[in-house]
Amino acid sequence: MSRQVFFYDAPDRFVAGTVGLPGRRSFYLQATAAGRTTSVALEKTQVAALAERIDELLDEVVRRSGGSAPVPAVSPPELADTAPLESPVEEEFRVGTMALAWDGEDQRMIVEAQALVELEADSDEDLADAEERLLQDDENGPPMLRVRLTGTMARAFAKRALEVVNAGRPPCPLCSLPLDPEGHVCPRQNGYRRDA
């Protein structure tokens, strides 16, 4: 059986979004094109890291091209996507590894998200070798979502992704830990409950 690759070349929509209430949210990447939708689950920290790296890579593309690359400095307001994820959200896999690249010939950002795979090995070196072999195995590798975006779409994705990450629970002004609606036990108040 060959590796399952969900490929979207210039999707109609590629967004990060959530399902659930703050504090109990599940995070997803979702690509949509030609009537099909693929959703993959990931951690909040992965969404934040992906958005930051996309912005950094786009900034580097602009810098190296001397501003001639078709990449806006900021996300155009007309591309703001505040709609929820397409329903129903059916998880294809949980993301383990992500990769980014810029295709200079086609002027496209390539985002790859590969499924989380558990491997066993005798040492860290053996584990790293096993991971590398599996990720490079086009025949038996883990499922993967691959999306090709214009610079403008990538910038819009990064902006929304950071907004989604920051839309969770507000931080406690004393300890910076997230506040639940019913408050939390604040370490800066010696364990006394701090109301929201």
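Long-range contacts (contact meaning heavy atoms within 4.5 Å) dominate the fold to this extent: 60% of the contacts with a separation of 6 or more join residues 24 or more positions apart. The model is a predicted one, with local features taken at pLDDT of at least 70, side-chain atom pairs at pLDDT 80 or more, and totals for chains, interfaces and linings over all residues. Numbering starts from 1 along each chain as its sequence is written, and side-chain values rest on heavy atoms, leaving out hydrogens and water.

The chain has three helices and nine strands, where helices (H or I, at least four residues) and strands (E, at least two) are DSSP runs numbered from the N terminus. Read from that end, the order is β-β-β-β-α-β-β-α-β-α-β-β. Of the 196 residues, 37% are buried (under 20% relative accessible area with a 1.4 Å probe, protein chains only; exposed is over 50%, and partly exposed lies in between).

Now for the inside. The largest nonpolar core (buried Ala, Val, Leu, Ile, Met, Phe, Trp, Tyr and Cys joined through side-chain atoms within 4.5 Å) holds 34 residues, and Phe14, Leu29, Ile54, Leu145 and Phe157 touch the most other members. Helix α1 (residues 44-65) gives the largest share of this core, seven residues. Leaving aside residues up to four places away in sequence, Phe14 touches Leu29, Gln30, Ala31, Val111, Leu145, Val147, Leu149 and Phe157.

Phe157 belongs to the buried residues of α3, which also include Gly151, Ala154, Arg155 and Val165. These buried residues pack against β2, β3 (26-33), α1, β5 (91-103), β6 (108-115) and β7 (144-149). With 16 residues, α3 reaches 23 Å from first to last C-alpha, close to the expected 22 Å (1.5 Å times one less than the number of residues).

Then there are the pockets (on a 1 Å grid over the protein atoms alone, open sets of points where a 1.4 Å probe fits, with protein on both sides within 12 Å along at least five of seven lines; lining residues have an atom within 4 Å of a point). The largest has about 250 Å³ of space, volume being the space filled by probe spheres set on the points, joined across faces, edges and corners. Its lining counts 16 residues, with Val15, Leu79, Asp81, Ala156 and Phe157 nearest the centre. The largest share, six residues, comes from α3. The second largest pocket comes to about 210 Å³; among its 15 lining residues, Arg25, Lys44, Gly168, Arg169 and Pro178 are closest to the centre.
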